[in-house]
Amino acid sequence: MNTMLALFALAGLQQPSAADHWNLVSNAGLEKADATGKLPVGFSLSGVAKWWQGGYVDEITTAAIRLDSQSTNGSAEGTASTMIRGIDQSKGKWVRFTVRGLCEDQFALAGNELALQMDFYAEGGKKFMETAKRLIWKQVETDRKQFAINGDYGKKGASVWRTYEFEELLPFKEVDSVKVSVVMKGGNAKSAKDTNFFVDDFSVEQRTASSRGLVDPATRKQIAPEVAVSTSGMIALGGRWYYRPNVGENLQLENGKLTGTLTVGQANSDRLFYKTDRLYAIFKGTMSAFLLPGHMDENRNVVQSAQYVEDNLRLQFNGGATMRVLSRNIPNHPTAKFPDRYGTQGYNPSYIKAQQNTYTIPVEPQSNPNAIVMTAANANGGLNMGPIGFAVNGVQFFNPYDAGLTEAVSIMDRCCGHPAPDYAYHYHKYPICVNTPFVDRGDEHSTVLGFAIDGFPLYGPYERDGVMARDDKQHPLDGFNGHTDSSRGYHYHVTPGKFPYLIGGYRGTASRRR
């Protein structure tokens, strides 16, 4: 473990409180060691749980906890826990626990006991009150089945960093502490490698209402800070965009409409809403990133220690017909090490470099009657090379082809990205591991993953519970990879394993300005 401690000390990686002001977990990224140097501060581990380097040696990752399922008799067990004290129920009775997990392809269980667990305590964490648990093994198995084809050469597409979520109502008024855990029982892997479930990025949010629309039986109310049911008190920015200002926030308005410039970054990302079937703060917490050792800054200097970038992505509105998107294009998730000298990502010679990208997109996109669908090998130029859109973390989307007009979908890292010759990291297909404020369990219509530069939104893969849009016969996608419904208007869907993967052309009018 000392080697890993030295790595984190060199990286200087610390999670700034400003970036996670809603997260009650200290040492959420597991990078800080306790006095023994053997455990992450604030965490307890049992059984096979080990503090470890996350992911693979050819990836740029941070610390993680490893739960190894290798066992000859299905007896491998392990738990990773942290206690949150000082819960003030006047600030909200809902608790949302999320972790980022990576399930290797040979991880196996004799039963189904891979779970997120909450234990509720009173008297400052001394008096146990109740336990609640959510099994996530079924979701892992579903992902393995549905997303395998999203991976390298159609394999291992689910073996990526994925966000898992558990939300619960505080059960008693006396509860003032919550212990959150990731629990594995019945580990039964027979393979000698790739048998781990890695967990990282622990997050606990105390909320005034459920993020998933669950209702407190005592109040029958649901108005969450990041999922709104009404535009009351919000400023209409055009199209489906709304902003809820803080009391006393100085904005230039005339007759309730924005006349000055509103800039949205990490600090106020939870106040920008986009209307789908509900009003969602789709950029909450996605706008920051770390420029990590091995990346390059804008001046092509190789980074030696981690640099926190609070506003990796910014959006600017001025009350007009367009909005500006300003992105440094730094991925906020684990990536492969580039340049790739091992050939695991196709011998890519490029670094991941911070960019200065600017896009101008319409706030209220309109269908273009002259729009064309991309033909085979993009022979008609239906989609330009280079950026065709951006994810909620600011990273670029590209069309399915590389510079040689061959499909680029099998030469990327496990988060479905790689750098271009200009060192701009980008995605050619569904980046399954991108964190969004709302976890896509596949049990309802997916939320917004990003936008094409014609202004139309790109949603995740699901049309409804258990049905991907790519497979939906009732409401099929058109050649652009989109369709219309009454709640969302026209929108695109990602289609894992099915060409064109992201979009098949611009349904609207795209501005190519950068």
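Which residue stands opposite Leu313 in E23? Keep that in mind as you click through this predicted model.

**Stop 1: strand E22**

Select residues 313-317, and you have strand E22 on screen. Is this strand mostly covered or mostly open? Mostly covered: four of its five residues are buried.

**Stop 2: the neighbour E23**

Now add residues 322-327, which make up strand E23. E22 and E23 run antiparallel, with five bridges joining them. Here's the answer to the opening puzzle: Leu313 faces Ser327. These two strands form a hairpin with four residues between them. Pick out Gly319 in that hairpin, where phi is positive, near 85°.

**Stop 3: the neighbour E17**

Next, select residues 262-264 to bring up strand E17. How many bridges does E17 share with E22? Three, and this pairing is antiparallel. Click on Leu262 and look for its bridge partner in E22, Phe317.

**Stop 4: a ring cluster**

Hang on to Phe317, because it also belongs to a cluster linked by ring pairs. To see the whole group, select Trp241, Tyr274, Phe283, Phe317, Tyr359, Phe390 and Phe451.

**Stop 5: two ring pairs**

The structure holds 27 aromatic pairs, so let's visit a couple of them. Start with Phe107 and Phe197: their rings sit 5.9 Å apart centre to centre, with 50° between the planes, and the pair is tilted. Phe107 is in the loop between strands E6 (94-103) and E7 (114-122), while Phe197 is in strand E11 (residues 196-207), so this pair ties together parts that are 90 residues apart in sequence. Are these two residues buried or exposed? Phe107 and Phe197 are both buried.

Then jump to Tyr359 and Phe390, which you met in the cluster. Why does this pair count as stacked? Because the planes are at 5°, with the ring centres 6.1 Å apart, and planes under 30 degrees apart count as stacked. Colour strand E25 (residues 357-362) to find Tyr359 and strand E26 (residues 387-391) to find Phe390; the pair therefore ties together parts 31 residues apart in sequence. Tyr359 and Phe390 are buried too.

**Stop 6: arginines over rings**

Last, show Arg66 and Trp52. Arg66 lies over the face of Trp52, 3.9 Å from the ring centre. Then switch to Arg300 and Tyr423: here Arg300 lies over the face of the Tyr423 ring, at 4.6 Å from its centre.

Terms used. Residues numbered from 1 in each chain as written. Predicted model: local features only at pLDDT ≥ 70, side-chain atom pairs only at ≥ 80, totals over all residues. Heavy atoms only, no water. Buried < 20%, exposed > 50% of the residue type's maximum accessible area, 1.4 Å probe, protein only. Pairing = 2+ DSSP bridges. Phe/Tyr/Trp six-rings, centres within 6.5 Å; stacked < 30°, edge-to-face > 60°. Lys NZ or Arg CZ within 6 Å of the ring centre and 35° of its normal.
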